[in-house]
Amino acid sequence: MSLFTRSRQLPDTVTEEAVEETPSAEGEAEHLPPDAALSTDADVPGSPRPGWFGWRRRYPRTARGVSVGTSVLAGLLVLLVLLFPNRLDHMNVRSFFRLPVEAIVIAAVLLVLPPKARRIAAFAFGLFLGLFTVLKFLDMGFYQTLARPFDLVFDWIMLGNATDWLRESFGRTGEILAVTGVIVLFIALLALCTWATVRLTHVMSRHRPQAVGTTLVLGTVWVTCFTVGVQFGGVTFATKGNTEFLANRVQHVRNGLGDAKVFEKQSAVDAFAATPPDQLLTGLRGKDVMFTFIESYGRVAIDDPAMAPEMDATLKKGDATLKAAGFASRSGWLRSPVTGAGSWMAHSTFLSGLWVKNQQRYLNLTSSKRATLTSYFQKTGDWRTVGIVPGVRKSWPEGKYFGLDHIYDSKHLGYKGPYFSWTPVPDQFSLEAFQKLEHGKKNRDPIMAEIILASSHNPWSPIAHTIDWNDLGDGSVFEQIKKEGTNPTEVWKSQERVRTEYRKAIQYSVDSLTQWMQRYGDKNTVLVFLGDHQPVPTVTKGSTSRDVPVTIVAKDPKVLDRVADWNWTEGLKPADNAPEWGMDKFRDRFMTAFAK
């Protein structure tokens with residue numbers, strides 16, 4: 001009896017559930033004689049041919065194998081998505097030999113739903129799993145660069161910053177390829193996860209009794225293993241990690257949405273808001289004060305055994321250079337609100353005395369009336385306040401908020417040389433430009449300068465090296481220096497090469513700064529320099545420390561006497577047990593020390 005004859009014997013009206021639970025034609029055809037398998041609906045004029053160009057009819061066993069194979073792949077994909085960690089350093093073979101409770105719950109929900117609702121739910125679950133996987137990949141990227149997960153409330157703007165960094169570090173082609181790859185991966189994840197969930201739902205519907213029994217067994221196994229605490233190689237077998245992951249994210253989003261009110265209350269408290277201008281910073285009157293940030297100068301540069309010998313030599317050399325010029329220094333540690341990137345949040349934390357840990361806080365701060373360390377200098381009327389910000393290449397309206405009378409960005413420093421990957425202007429040239437444009441002028445008012453040294457910005461390749469200050473000119477000399485440098489694409493193939501280039505970049509920044517002080521500093525020069533954050537985990541090797549060095553340099557002993565009770569270490573290198581403050585504590589302590 002042919003399949004066609006059998007199908008004509010079915011009732012005229014068949015329920016949707018019955019159709020779903022009827023074995024597929026391809027499954028029955030496998031058990032029929034060859035001549036019966038060929039007598040199908042495809043033989044009737046106008047009826048659809050099974051498979052692509054009838055391949056299922058011609059190759060029934062192959063079709064069956066493909067059907068089973070794709071179902072197995074769909075199941076493996078769903079398990080992979082649920083077991084996939086959101087951090088590269090958590091990825092290992094043992095993490096994939098676990099039983100996620102979410103898979104059992106999803107299967108149970110799909111089995112109890114009626115056919116139409118089941119199809120809708122399968123599609124929705126698939127999309128959700130796809131978006132869930134995308135979030136894990138975002139987390140993975142953020143852990144690799146910022147040592148923290150992606151913030152669903154505040155971090156979307158960081159994606160734009162990431163594309164800017166790609167373009168400036170690897171060129172327009174590199175940016176396009178990377179962005180295209182991300183978009184393709186995003187679409188593929190959504191499509192594959194949706195397909196896998198829908199596919200598995202159809203399989204469970206066709207084999208409902210077996211699916212129900214398997215789900216009950218797996219549920220029992222999960223409860224038993226979870227209750228007993230079964231582990232393999234230190235990894236819990238019965239896991240509910242995805243549920244906890246999502247619960248934490250929901251709570252984080254709720255906290256983020258309410259963070260603005262918390263930050264607003266904090267910013268309203270300012271111990272110096274009512275202080276008359278003539279009583280502010282009296283201990284520094286007549287001094288040129290420089291607040292200098294060295295990009296990515298973190299504790300790892302000093303503490304890491306692989307970097308410590310070279311950095312020690314650089315800091316000792318800097319100490320000797322400064323002492324020979326009559327300067328003394330004291331150093332400590334500050335804890336940054338960010339790591340890996342987000343320099344502007346660290347800068348604003350240091351200057352405002354508030355913990356600026358996300359982009360929303362930064363935007364709220366820069367649109368508020370909260371006074372900063374730099375704006376208090378401006379408020380006195382005794383200093384000309386300037387900013388040397390070579391990393392700024394676009395309009396920077398926030399600059400006015402920080403109380404800077406004049407801002408010199410990358411286009412206004414007189415530099416005609418090449419970019420060094422992300423870095424628009426080498427540090428030595430930025431400092432020489434400050435000397436020519438402001439510090440070296442005669443008959444001027446005292447200067448308060450915020451200076452950002454960007455040569456130690458990721459990707460640290462190629463990097464400049466110090467040359468004779470008289471040879472700097474308009475910066476064209478750096479063309480040859482860049483050609484002699486390393487290629488970032490090659491450097492980033494090796495973690496150790498990245499770490500080596502990072503260390504060299506920090507050495508260059510410190511050398512440039514100490515040489516400038518020796519060359520141009522005098523008894524009225526006060527330098528405060530610090531790192532803004534630790535570098536990316538590729539350099540720190542997963543260290544959770546957020547400490548950065550901070551140093552005060554002055555020739556006038558009265559300046560350092562005012563901070564003697566800080567108990568900072570003598571010299572440019574802070575001791576391991578030197579005081580560690582939150583970066584938001586520096587503003588008030590500094591202003592208190594110099595307002596006696």
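A salt bridge is a side-chain nitrogen of Lys or Arg within 4 Å of a carboxyl oxygen of Asp or Glu. By that criterion, Glu496 and Arg499 form one, with an N to O distance of 3.5 Å between their side chains. The model discussed here is predicted. It holds 17 salt bridges, and the count of aromatic pairs comes to 31. The points below cover charged pairs, the strand β9, aromatic contacts, charges placed over rings, and a nonpolar surface patch.

**Salt bridges**

- Arg361 and Asp259 meet through their side chains in a salt bridge, at 2.8 Å from N to O. Because Arg361 belongs to helix α15 (residues 359–366) and Asp259 to helix α11 (residues 241–267), this pair ties together parts that are 102 residues apart in sequence. Arg361 and Asp259 are both buried.
- A salt bridge also joins the side chains of Glu438 and Arg384, again with an N to O distance of 2.8 Å. The pair links distant parts of the chain, 54 residues apart: Glu438 is in helix α18 (residues 427–439) and Arg384 in strand β7 (residues 384–389).
- The two partners of this bridge differ in burial class. Glu438 has 2% relative accessibility and therefore counts as buried, whereas Arg384, at 30%, counts as partly exposed.
- Glu496 and Arg499, the pair introduced above, lie within helix α21 (residues 495–520); because they are 3 residues apart there, about one helical turn separates them. Glu496 is partly exposed, with a relative accessible area of 38%, while Arg499 counts as buried at 4% relative accessibility.
- Asp304, Glu496, Arg499 and Lys541 are joined into one network by salt bridges that share partners.

**Strand β9 and its neighbours**

- In strand β9 (residues 447–453), 7 of the 7 residues are buried, so the strand is largely enclosed by the rest of the structure.
- The burial extends to both faces of β9: one side carries Ile447, Ala449, Ile451 and Leu453, and the other carries Met448, Glu450 and Ile452, all of them buried.
- Strand β5 (residues 288–294) pairs with β9 in the parallel sense over 6 bridges. Within β9, Leu453 is the residue that stands opposite Ile294.
- β7 likewise pairs with β9 in the parallel sense, over 5 bridges. Here Thr385 has Met448 of β9 as its bridge partner.
- β7 also contains Arg384, the salt-bridge partner of Glu438 in helix α18.

**Aromatic contacts**

- Among the 31 aromatic pairs is that of Phe377 and Trp383, which is edge-to-face, with 4.7 Å from centre to centre and 75° between the planes. Both of these residues, Phe377 and Trp383, are buried.
- The rings of Trp469 and Tyr520 have their centres 6.3 Å apart; because their planes stand at 85°, the pair is edge-to-face. Trp469 is in the loop between β9 and α19 (478–483) and Tyr520 is in helix α21, so the contact ties together parts that are 51 residues apart in sequence. Trp469 and Tyr520 are both buried.
- One aromatic cluster is formed by Phe291, Phe293, Phe350, Phe377, Trp383, Trp566, Trp568, Trp581, Phe586, Phe590 and Phe594. The edge-to-face pair of Phe377 and Trp383 thus has both members in this cluster.

**Charges over rings**

- The charged end of Arg87 sits over the ring of Tyr143, at 4.2 Å from the ring centre.
- Lys555 places its charged end over the ring of Phe327, 4.8 Å from the centre of that ring.

**Nonpolar surface patch**

- Val68, Val72, Leu73, Leu76, Leu79, Leu192 and Trp195 form a nonpolar patch on the surface; together they have about 630 Å² of accessible area.
- The elements that give two or more residues to this patch are α6 (60–83) and α9 (156–206). Of the contributors, α6 gives the most, with 5 residues.
- Leu79, one of the patch residues, has its place in helix α6. With a relative accessible area of 35%, Leu79 is partly exposed.

Note on methods: Residues are numbered from 1 along each chain as its sequence is written. This is a predicted model: local features need pLDDT of at least 70, side-chain atom pairs count only at pLDDT 80 or more; totals for chains, interfaces and linings use all residues. Side-chain values use heavy atoms; hydrogens and water are left out. Helices (H or I, at least four residues) and strands (E, at least two) are DSSP runs, numbered from the N terminus. Buried means under 20% relative accessible area, exposed over 50%, partly exposed in between (1.4 Å probe, protein chains only). Patches are made of residues with over 30% relative accessible area and no salt bridge: like charges are joined within 9 Å, nonpolar side chains (Val, Leu, Ile, Met, Phe, Trp, Tyr) within 5 Å. Accessible areas come from the Shrake-Rupley method with a 1.4 Å probe; for residues, only the protein chains shown count as cover. Two strands pair if DSSP finds at least two bridges between them. Rings of Phe, Tyr and Trp (its six-membered ring) pair if their centres lie within 6.5 Å; planes under 30 degrees apart count as stacked, over 60 as edge-to-face and the rest as tilted. A charge sits over a ring if NZ of Lys or CZ of Arg is within 6 Å of the ring centre and within 35 degrees of the ring normal.
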